[in-house]
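Let's take a relaxed tour of one structure, looking at how a pair of helices pack and where empty space is left.

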Amino acid sequence: MSGPPPELPVVVLDALMPTAQRLVLNRRGSMVWDVESHRGRYAVKLGYPIEATSEWPAQPWTALAPAREGAVLYRLGSEEIAYGEWEHGTWNIQPWREGADLYRVWEPCREQGSSVEPRPSVALGCVEALAELHAKGWAHGDVQPAHFIVGPERTHLIDLALARGGRMPAGYDFPFRGCLVHYEAPEIARSVLAIGVAEATQPADIYALGASLLISATGWRAVEYPDDAPRPVQRQAIVDGKRRTVRVPGELGGLVEAMLSPAPQDRPTIYEVGKALS
């Protein structure tokens, strides 16, 4: 979406009557705002379609993602959720989650020559957040370091637009076409290559969590491929099992290896991961 600096839609302004607002992100079909009002602090997400470029095909589904996430959060029993449509797509309002994401929290572990090991308590917080979702019969579908917000009291799992586990409003639903490839399980990559879509599952979430812990602790992706390789080439490397020989230092090492097992049935469940960390 090009043109003048974006503004919040009138429907959102009327709902929140902001006292302060800050644009946090505007890229690839999504805008996120940090909004303060007399009611509290909120994250506002706006979706708009991505037009085709020489590098990316058109992605109209991004316009629907905020409303779909709003519907997911509503089905999960979250409070203070609102969602709807604006002139370019859909929007949602949800409580702001205070904290830093997993990748930033473990930054000291990745510094050259660092002796700092990733804290299992931080990993456990991420596991507990994902376990809460799995216990309700859902799969997240887009687990990555940026989606774990490590707060002062607990870790929050955010960005549920791709989650699967319940019926969605037909007007806001769209097929699951995979996620950020760095964290995509082999079975997801294989299905996307074969038919263009896949099924988000809890075992695939486990793989993605293992890959998230690995890259956050070491700075290395689980699978080796060129940074600028096309998506199909990256996915084929995942399917072919081109794993790096990188281990997470400390007691997390063996657990992450198990989570990255190529076969879904060989990965631990989220409850087994939590038990190992406890």
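## Two helices and a cavity

Start with helix α5 (residues 120–135) and helix α7 (residues 202–218): in this predicted model, their axes come within 12 Å and cross at roughly 165°. Angles over 145 degrees count as roughly antiparallel, and α5 and α7 are therefore roughly antiparallel to each other. As for handedness, α5 passes α7 in a right-handed crossing.

Who does the touching? On the α5 side, A123, C126, V127, L130 and H134 make the contact, while α7 brings in Q202, D205, I206, L209 and L213. Sorted by class, that contact of α5 with α7 has 7 nonpolar, 2 polar and 1 charged residues.

Now for the empty space. Rolling a probe the size of a water molecule over the atoms shows where empty space is left. How many cavities of 30 Å³ or more does a search of the whole structure find? The search turns up 1. About 50 Å³ of space lies in the largest cavity. Its lining is made up of G141, F176, C179, Y183, E184, A185, I188, A200, A204, D205 and A208. Helix α7 turns up again here, giving the largest share of that lining with 3 residues. D205 is worth a second look: this residue is part of the α5 and α7 contact, and D205 also lines the largest cavity.

Here are the residue classes for both places:

| Place | Nonpolar | Polar | Charged |
|---|---|---|---|
| Contact of α5 with α7 | 7 residues | 2 residues | 1 residue |
| Lining of the largest cavity | 8 residues | 1 residue | 2 residues |

How values were computed
Residues are numbered from 1 along each chain as its sequence is written. This is a predicted model: local features need pLDDT of at least 70, side-chain atom pairs count only at pLDDT 80 or more; totals for chains, interfaces and linings use all residues. Side-chain values use heavy atoms; hydrogens and water are left out. Axes are lines fitted to C-alpha atoms, for helices over the stretch in contact, and angles run from 0 to 180 degrees between N-to-C directions. Helices (H or I, at least four residues) and strands (E, at least two) are DSSP runs, numbered from the N terminus. Angles under 35 degrees count as roughly parallel, over 145 as roughly antiparallel, 65 to 115 as roughly perpendicular and the rest as oblique. A crossing is left-handed if the near helix is turned anticlockwise from the far one by less than a right angle, and right-handed if clockwise. Contact means heavy atoms within 4.5 Å. Ala, Val, Leu, Ile, Met, Phe, Trp, Tyr, Cys and Pro count as nonpolar, Asp, Glu, Lys and Arg as charged, and the others, Gly among them, as polar. On a 1 Å grid over the protein atoms alone, a cavity is a set of points where a 1.4 Å probe fits but cannot get out, and a pocket is an open set with protein on both sides within 12 Å along at least five of seven lines; lining residues have an atom within 4 Å of a point. Grid points are joined across faces, edges and corners, and a volume is the space filled by probe spheres set on the points.
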